[in-house]
Structure formats: C-alpha cells, structure tokens
Amino acid sequence: MNLILGTGPLGMAVMKELVARNEPVKMVSSHGKAMVPQGVRVEKADLMDIEQAKNIMKGSKFIYQCAQPPYQKWGELGIPFQDNIILGAMAAGAKLVVAENMYMYGLVKGSMHENSPIAATTKKGKVRADMSRILSKLYEEGSLQVTIGRGADFFGPNVHNSSVGSRLFNPISKGKACTVMGNPDKKHTYTFIDDFGKALVVLSQHEDAFGEVWHVPNAETVTTTEFIEKAYGIAGFPADIRTMGRGMLRLGGLFIPAARESIEMLYQFEEDFIVDSRKFTERFGMTATPLEHALDKTLQSVSWEYSRV
C-alpha cells in the first residue's frame with residue numbers, strides 16, 4: 001500500500017501519479033476529507049499523536065511525507081511532527097519518501113545543488129536543516145530507508161498557500177493587478193506541483209534513490225517578472241505587477257500569522273534564487289513540464305475553480 005501523508009496540493013499530485021500507475025493509494029489528513037477518485041481511501045489521523053501515527057502507517061510499503069504543521073507553528077512543531085512519522089515508518093518497515101523545501105541552504109550566490117553547504121541563518125531554515133540531518137543520519141545507521149525530494153516555491157492546480165498560489169493567479173486570470181513579494185526582477189526557480197508529485201513517485205521506484213537528496217525537475221529559471229508576464233500573456237491580458245516589501249509584510253503580519261512568519265524568508269525573493277536539478281534529470285530521465293504549459297494548466301484550473309463559485 002502507498003500511504004500519502006497530507007491531502008494538500010503536493011499530496012494530491014502524488015496521488016494522481018500513483019493512480020495513473022494503477023497503484024493502490026491511501027491518504028491521511030487531520031480532517032480525513034478530500035475529493036479523490038474512486039478507489040482512493042482517505043482516513044483521519046493526528047500525526048502529532050504517536051500512537052495514531054503508528055496505527056495509520058501499518059501495512060504501508062511506501063510512505064510519502066507531504067504533510068506539515070501550520071506554517072506559523074512550523075518552527076516549533078516541525079521536528080516532533082517528523083519524529084512521529086519516522087517512528088511510524090520504522091514500525092511499519094516502510095520506505096519513506098520525504099518532500100522538503102530549500103530553506104536549509106540559506107542565501108546562495110549562484111545556483112543551489114544537492115551538495116551546496118547547509119548554511120541557513122533563519123529560524124525555519126535551521127529547523128529544516130536539522131530535520132534533514134536527522135533523516136540522513138538514520139539512513140546511514142541503517143535504521144530507515146528514506147529518500148528526499150526538494151522543491152522550490154510551487155505553483156499549479158489546487159495550490160493556494162504559496163507565493164505563486166491562487167492569490168497570484170486569480171487576479172491574473174481576470175486581467176487584474178497581481179502582487180508579489182520582494183524584487184520581481186531577480187531570477188527565481190518555481191516548481192510545478194505535478195512535476196514535484198511525479199518526481200517523488202519516481203524516487204520511490206529506484207533503490208539507488210534512497211539515502212540521497214534530489215532536487216526535483218524544474219523548468220528554466222526566469223525572473224518573477226518574466227514568469228508573471230508569461231502567465232498574463234497566456235490569459236490574454238497585459239501584465240500589471242505590484243510589489244510588496246518587508247514593511248507591508250510586517251503590517252500584514254499584525255493580522256495574519258503566516259505573513260509574519262514569511263518575513264525572515266523574504267531574502268529568497270530579494271536576491272536570485274536558482275535551483276539546479278540536473279542530478280535528478282540525468283539519473284532518471286525526467287524533465288520538467290515546459291513553463292508555458294505548466295502556467296496554462298494552472299490558469300485553466302483557476303478559471304475552473306472560479307466558474308464554480
């Protein structure tokens with residue numbers, strides 16, 4: 001059985017890839033609800049409860065870790081949350097496929113690759129680095145079969161809580177002004193959610209993927225301005241881009257905890273943020289969805305969601 005922890009956009013992308021391969025799938029979330037195809041089971045569990053975590057993972061062959069605590073609590077809960085998942089996977093004798101972000105690298109001049117120094121200076125970056133080290137150590141000790149897939153800020157169908165989620169694409173789809181953080185003229189790698197999901201499944205199917213870190217495939221890195229201009233062009237409207245800096249985020253943080261927590265990570269949008277994913281493509285032959293096609297699929301999903309309202 002393939003067990004997916006989390007029913008958010010990444011969990012859904014993994015589920016779609018597994019279903020396309022005719023693989024049995026069970027998904028887990030804290031509320032136990034999700035719109036899924038027939039045959040996909042969705043169950044409820046609190047992964048912060050070790051007994052629930054162990055029980056829900058029984059009988060699993062592969063576990064895809066796509067769940068996270070609330071962003072504003074991620075720093076304090078990230079490690080205990082992961083610890084429960086590790087113990088559950090070990091008790092089940094399952095192989096663990098973990099989705100990570102790029103926080104652990106800190107500010108990198110040039111491109112990030114899998115051997116880039118772990119040099120985070122932010123609170124969340126240091127926590128992410130510690131979480132990753134724990135996984136690698138357990139593999140080296142022979143206690144856990146684990147592989148790690150790292151993605152950048154992602155976009156695509158059903159993506160809402162992202163810097164390039166529905167809050168960006170909704171206004172673009174209607175020809176209205178959109179707002180971005182930081183300096184949009186800096187280069188920034190963005191990960192298409194369907195590519196992220198497929199990449200995690202690919203990793204699970206290769207023995208030599210375990211014990212390694214892999215950057216999932218990304219389309220060519222462009223500036224955020226170019227990324228958004230392409231989206232407006234596909235939607236058939238002229239670009240109208242507005243920016244939001246630290247001052248506006250601090251103001252928003254007075255009312256929105258997630259906005260307050262994002263301030264320390266703003267450096268990723270104030271400087272070039274380039275991710276190298278050649279290692280994955282050269283080993284597994286998977287390339288990213290072309291950017292224009294990924295943006296088109298994203299806008300189609302936004303338009304469909306809007307038409308339902």
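# Exercises on salt bridges and a covered strand

Glu-212 has a relative accessible area of 35% and is therefore partly exposed. The model worked with here is a predicted one.

**Exercise 1.** Find which side chain meets that of Glu-212 in a salt bridge, and state where the two partners lie.

*Solution.* Begin with the contact itself: the side chain of Glu-212 meets that of Lys-279, with 2.8 Å from N to O. Next, place the partners: Lys-279 belongs to helix α11 (residues 278-284), whereas Glu-212 sits in the loop between α6 (193-204) and β12 (213-215), so the pair ties together parts that are 67 residues apart in sequence. Finally, consider accessibility, where Lys-279 counts as partly exposed at 27%. Elsewhere, salt bridges with shared partners join Lys-16, Asp-194 and Lys-297 into one network.

**Exercise 2.** Decide whether Lys-26 is buried or partly exposed, and do likewise for Glu-43, its partner in a salt bridge.

*Solution.* First, confirm the pair: the side chains of Lys-26 and Glu-43 meet at 3.9 Å, N to O, which falls within the 4 Å cut-off for a salt bridge. Second, locate it: Lys-26 is in strand β2 (residues 25-29) and Glu-43 in strand β3 (residues 41-44), so that the pair links distant parts of the chain, 17 residues apart. Third, apply the limit for buried residues, which is under 20% relative accessible area: Lys-26, at 7%, is buried, while Glu-43, at 24%, is partly exposed.

**Exercise 3.** Establish in which helix Arg-133 and Asp-130 lie, and how far apart their closest N and O atoms are.

*Solution.* Both residues belong to helix α4 (residues 123-141), where they are three residues apart, about one turn of the helix. Their closest N and O atoms are 3.1 Å apart, and the two form a salt bridge. As for accessibility, Arg-133 is partly exposed at 47%, and Asp-130 is partly exposed at 35%.

**Exercise 4.** Work out how many residues of strand β5 (residues 95-100) are buried, and which strands pair with β5.

*Solution.* Start with the count, which is six of its six residues. Then take the faces separately: Lys-95, Val-97 and Ala-99 are buried on one side, and Leu-96, Val-98 and Glu-100 are buried on the other. Turning to the neighbours, strand β4 (residues 62-65) runs parallel to β5 and is joined to it by four bridges, with Tyr-64 standing opposite Val-97. From β4 the chain passes through helix α3 (residues 74-92) to β5, in a β-α-β crossover that is right-handed. Strand β7 (residues 146-150) also pairs with β5 in the parallel sense, over five bridges, and there Thr-147 is the bridge partner of Val-97.

Key. Residues are numbered from 1 along each chain as its sequence is written. This is a predicted model: local features need pLDDT of at least 70, side-chain atom pairs count only at pLDDT 80 or more; totals for chains, interfaces and linings use all residues. Side-chain values use heavy atoms; hydrogens and water are left out. Helices (H or I, at least four residues) and strands (E, at least two) are DSSP runs, numbered from the N terminus. Buried means under 20% relative accessible area, exposed over 50%, partly exposed in between (1.4 Å probe, protein chains only). Two strands pair if DSSP finds at least two bridges between them. A crossover is right-handed if, with the strands pointing away from the viewer, the path from the first strand over the helix to the second runs clockwise.
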